Amino acid sequence: MAEIKPRIKLDKKQASKGDIVEVKALVSHVMETGLRKDANGNPIPRKILNNFTCTVNGKQVFSADFETAISANPYIQFKFRAEESGPVVLTWTDDDGTRIVGQESITVT
Amino acid sequence: MPFALHRRGLLKVALGAAAAVTSGGVCAPAFAAKNDAEDLIKRFTGGRDAVEARVRLDLPEIAENGNTVPMTVSVESPMTEESYVSDVLVVADGNPRGGVATFHFSPASGVAEVNTRIRLAETENVIAIARMNDGSVFRTSKQVKVTIGGCGG
């Protein structure tokens with residue numbers, strides 16, 4: 001499978017210490033529920049991104065466990081408090097263990 | 001005649017099964033969810049009663065497409081080391097499976113607010129439950145009318 005590149009947007013790249021930064025992220029994924037059947041009536045196996053985490057400069061600021069009720073091409077929007085400059089790393093984990101990783105950065109002054 | 005006996009036996013089994021189904025339907029409490037949503041809530045709250053406060057759930061009144069329903073969950077909290085929202089569970093009582101997502105926050109989150117898009121199979125209630133760092137739980141729920149269900153196939 002071609003490597004999936006998530007789309008990530010921070011509402012500000014530079015922030016003062018204590019500012020609230022908003023993150024929006026979209027990733028391409030079927031989020032197959034495992035409840036559907038194909039044209040021949042065979043069940044289509046479940047394949048979803050079941051976990052999402054966001055770290056800022058190595059510290060976790062937000063995470064989520066997804067179930068099958070999360071739409072295909074999952075979109076997530078959340079916030080964090082700017083404390084220190086560094087990479088903002090977003091990681092999605094697939095049922096099969098593979099990971100989709102995206103990165104942005106924040107400068108805190 | 002062995003054949004007749006067999007048929008009668010079958011009939012008995014069938015009647016028994018039908019009775020079981022009917023009584024189950026009648027005895028089940030009216031508010032019982034169709035899926036495991038209530039169990040998930042119980043496990044999440046540890047049996048504590050959730051107070052109807054502090055949690056806000058933004059969902060459309062009517063969702064034309066149940067495949068992708070925008071949802072915002074936010075919880076009032078100072079989000080300091082002393083007092084913050086640690087987890088938020090979202091369930092839907094009419095989906096084939098009750099769980100939607102669990103969000104984990106920390107004081108570093110700054111604000112306990114998250115937006116995502118969810119699947120809703122039919123007109124049903126979405127319930128959000130927040131657990132604070134001190135273990136107290138708060139909840140809210142909202143009904144969404146779904147025109148086209150989001151189950152695919």
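1. Two strands pair if DSSP finds at least two bridges between them, and the strands themselves, like the helices, are DSSP runs numbered from the N terminus, with at least two residues (E) for a strand and at least four (H or I) for a helix. With these terms in hand, A:Ile76 has B:Thr116, in S6(B), as its bridge partner. This pair belongs to S6(A) and strand S6 (residues 112-118) of chain B, which run antiparallel and are joined by three bridges.

2. The model is predicted, and local features need pLDDT of at least 70, while side-chain atom pairs count only at pLDDT 80 or more and totals for chains, interfaces and linings use all residues. Residues are numbered from 1 along each chain as its sequence is written, and chains are lettered from A and ligands numbered from 1 in the order in which they are written.

3. Chain A has zero helices and eight strands, and its pattern along the sequence is therefore written with strands alone, β-β-β-β-β-β-β-β. Its C-alpha atoms fill a box of roughly 60 × 25 × 20 Å along the principal axes. Of its 109 residues, 30% are buried, where buried stands for 20 or more other C-beta atoms within 10 Å of the residue's own, exposed for 12 or fewer, and partly exposed for values in between, with C-beta atoms placed from the backbone.

4. The contact between the chains takes 26 residues from chain A and 28 residues from chain B, two residues being in contact if their C-beta atoms, placed from the backbone, lie within 7 Å. On the side of chain A that touches chain B, the elements giving two or more residues are strand S5 (59-66) and strand S6 (75-81) of chain A, and S5(A) provides the largest share, eight residues.

5. How are the strands ordered in the open sheet of ten strands? The order is S2(A)-S8(A)-S7(A)-S4(A)-S5(A)-S5(B)-S4(B)-S7(B)-S8(B)-S2(B), with mixed pairing. Strand S2 (14-15) of chain A and strand S2 (62-65) of chain B stand at the edges, each with a single partner strand, so one side of each is left without a neighbour in the sheet. Strands of a sheet pair through backbone hydrogen bonds, either parallel or antiparallel.

6. Within chain B, strand S4 (residues 85-92) and strand S5 (residues 99-105) pair in the antiparallel sense over five bridges, and a hairpin of six residues joins S4(B) to S5(B). One of the bridge partners here is B:Thr102 in S5(B), which matches B:Leu89. S4(B) is also joined to S7(B) by seven bridges, and these two run antiparallel, with B:Arg131 in S7(B) as the bridge partner of B:Asp87.

7. Is S4(B) enclosed or open? Six of its eight residues are buried, so S4(B) is largely enclosed by the rest of the structure. The largest nonpolar core (buried Ala, Val, Leu, Ile, Met, Phe, Trp, Tyr and Cys residues joined through C-beta atoms within 7 Å) has 60 residues, of which B:Val88, B:Val90, B:Val91 and B:Ala130 touch the most other members. S4(B) gives the most to this core, with six residues. Leaving aside its neighbours within four places in sequence, B:Val90 is in contact with residues including B:Val73, B:Val100 and B:Val126.
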